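Welcome! Please take a moment to look over the model shown here, and then let us walk through it together.

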Amino acid sequence: MKHMFGTSLAALLLAAGTQAMAMDICVEGAYPPFSETADDGSIVGFDIDIANALCAEIGVDCTMVKTDWDGIIPALLEKKCDAIVASMSITPERMEVIDFTAKYYQTPAMFVAPEGADLVDSAEGMAGKRIGVQRGSIHQGFVEAAYPESEIVLYGTQDEANLDLMSGRVDAVMADSVALDLGFLKTDSGAGFAFFGETHADPQYHGDGAGIGVRKEDTDLRDQLSAAIDAIRETGQYDEIAGKYFDFNVYGE
Amino acid sequence: MRVDLVLDNWQMFAHGVWLTLQLTFLSILIGFLIALPSGIIRARRKPFWSPAINVYVYVFRGTPLLVQTFLIYYGLSQFAFIRESWAWTILRDPWWCALIAFSLNSGAYATEIIRGAVETTPKGELEAAAALGMTPRQTDCLVLIPSALRRALPQYGNEVVFMLHGSVVASVITLQDILGAGRTLNAKYYLAYEGFLTAAVLYMAITFSLVAVFRALERRYLKHLRPTRTPALP
């Protein structure tokens, strides 16, 4: 009871500390189906539904703030928002700058190549091949370590990597399997391309799933959000939201 | 400031410097080889060639380098007939795409610099050449071109610095030049300040070296145009 009083007081203090008794949440709005901008300009997706459910759980009014991926951590640090819910993987590098809650989902990475490309997903199999990844993503770190004989090509966005896969400048791209599936393979441009090899989820490179980013000093908020993730998983709210977007277990093991 | 992360990644920046220098100097060199004949033809208003060069100069000075690079890199790769032709062996490579775009861009600007220098050649120099009985070819090679190039030096120095700064465009077509290294540092550790400041310092160092080289060249080759102190009358 005492503990509950403590946390709700922290929530109140936190809410009072930000504008208009509310909390601002940085979201990306350009990463379907997790986060995308609807025709009317509103931001929708799995990340946003989860964020709203968590805010309801801890009893705070939340406003979504659309922020570019490049500037999303600086925005948090400069207090333009109080938390990042943007499918951000929990990695040691990011932990140096910000803090994370427990994961709220975890999906593996996978290769995509032209259908029938006859590639083997191993360091030897990909030797001398050109692999496209998004600059600064977890996938860059992973392919650099796991495929040392390959040529790694860095792109600003996943869309540019996919363009060069289509033109044949890279032999394969590696990214999150769900983002590749729904963002590329299931679209018109994805015709003639397919997954190959295994699913990859190495904690050292891929981190411990996607978490909610908070400033290092906001440990109360971090613990509250972590507890709220557990809570919505127990009440079945999480599965309800996940069921709207995915037909598999997006939370992972 | 996390200087340690910059130092940990010094190899990435060293490769970046090497790539930036390669692209800058090669495109300046190729640009010069395009610009020398083009500039002279433009100055002499040769039929057919002069208007054709004018169109080239207009197009490449009229559009941003970034757009030219995107058109060559992503634009051309869209067409199946290009991907199936021999040209694809070159256009497939982002390094060649950048070099082609930068060279054509630099060539267009340098054409105008050389045209201006040729047009403003003092009449007396050409008359002196004629008085010495030089053939038109000798006049061009021994008088007109050396004289024009000397006088083009200050402007050409600017063009080289602009090309160096323009070469940052390479980082958007996957090349890891100096800015590419800075962007990678930023994306990996979220250290915008450290990554971009390192890039800025490196670009500045190269710029100052280039400026010093051109100043030395100007001192040597434009000595005759420098104001001199008149000896006091006895």
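In what order do the 3 strands of the open sheet in chain A lie? The order is E2-E3-E4, and the pairing is antiparallel. Helices (H or I, at least four residues) and strands (E, at least two) are DSSP runs, numbered from the N terminus. Strand E2 (30-31) and strand E4 (43-44) of chain A are the edge strands, since each pairs on one side only. Two strands pair if DSSP finds at least two bridges between them. Strand E3 (residues 35-37) of chain A joins E2(A) over 2 bridges in the antiparallel sense, and Ala30(A) has Glu36(A) in E3(A) as its bridge partner. As background, strands of a sheet pair through backbone hydrogen bonds, either parallel or antiparallel.

A word on the ground rules. This is a predicted model, in which local features need pLDDT of at least 70 and side-chain atom pairs count only at pLDDT 80 or more, while totals for chains, interfaces and linings use all residues. Residues are numbered from 1 along each chain as its sequence is written, and chains are lettered from A and ligands numbered from 1 in the order in which they are written.

The model scores ipTM 0.72 and pTM 0.77. For chain B, the average pLDDT (the predictor's confidence in each residue, from 0 to 100) is 91, and 100% of the residues score at least 70.

**Chain A as a whole**

Chain A contains 10 helices and 13 strands. Its radius of gyration is 19 Å, close to the 18 Å that the globule rule gives for 253 residues, so chain A is as compact as a globular protein of that length. Here the radius is taken over C-alpha atoms, and the rule is 2.2 Å times the number of residues to the power 0.38. The C-alpha trace of chain A spans about 60 × 35 × 30 Å along its principal axes.

How much of chain A counts as buried? The share is 42% of its 253 residues. A residue is buried if 20 or more other C-beta atoms lie within 10 Å of its own, exposed if 12 or fewer, and partly exposed in between, with C-beta atoms placed from the backbone. Take the contacts in chain A between residues at least 6 apart in sequence: 71% of them join residues at least 24 apart. Two residues are in contact if their C-beta atoms, placed from the backbone, lie within 7 Å.

**Two domains and an enclosed strand**

Chain A is divided into domain 1 (2-106 + 208-245) and domain 2 (109-206), with bounds that come from an automatic or database domain assignment. The C-alpha centres of these two domains of chain A lie 28 Å apart. Where they meet, 7 residues of domain 1 are in contact with 7 residues of domain 2. The domain 1 side has 3 nonpolar, 3 polar and 1 charged residues. In this grouping, Ala, Val, Leu, Ile, Met, Phe, Trp, Tyr, Cys and Pro count as nonpolar, Asp, Glu, Lys and Arg as charged, and the others, Gly among them, as polar.

Why is strand E13 (residues 210-214) of chain A described as largely enclosed by the rest of the structure? The reason is that 5 of the 5 residues of E13(A) are buried. E13(A) pairs in the antiparallel sense with strand E6 (residues 83-89) over 3 bridges, and with strand E7 (residues 99-105) over 4 bridges. Gly213(A) in E13(A) is the bridge partner of Ile84(A), and Phe100(A) also stands opposite Gly213(A).

**Where chain B meets chain A**

Between the chains, 14 residues of chain B are in contact with 16 residues of chain A. Helix H10 (residues 178-189) of chain B gives the most to the chain B side, with 5 residues. By class, that side divides into 6 nonpolar, 4 polar and 4 charged residues.

**Exposed residues of chain B**

The table gathers some exposed residues of chain B.

| Residue | Place in chain B | Other C-beta atoms within 10 Å |
|---|---|---|
| Arg45(B) | loop between helix H2 (10-44) and helix H3 (49-62) | 11, exposed |
| Phe48(B) | loop between H2 and H3 | 8, exposed |
| Tyr193(B) | helix H11 | 11, exposed |
| Pro231(B) | segment after helix H11 (192-221) | 6, exposed |

Most residues other than glycine have a negative phi. Phi of Arg45(B) is near 50°, a positive value, and phi of Phe48(B) is near 65°, also a positive value.
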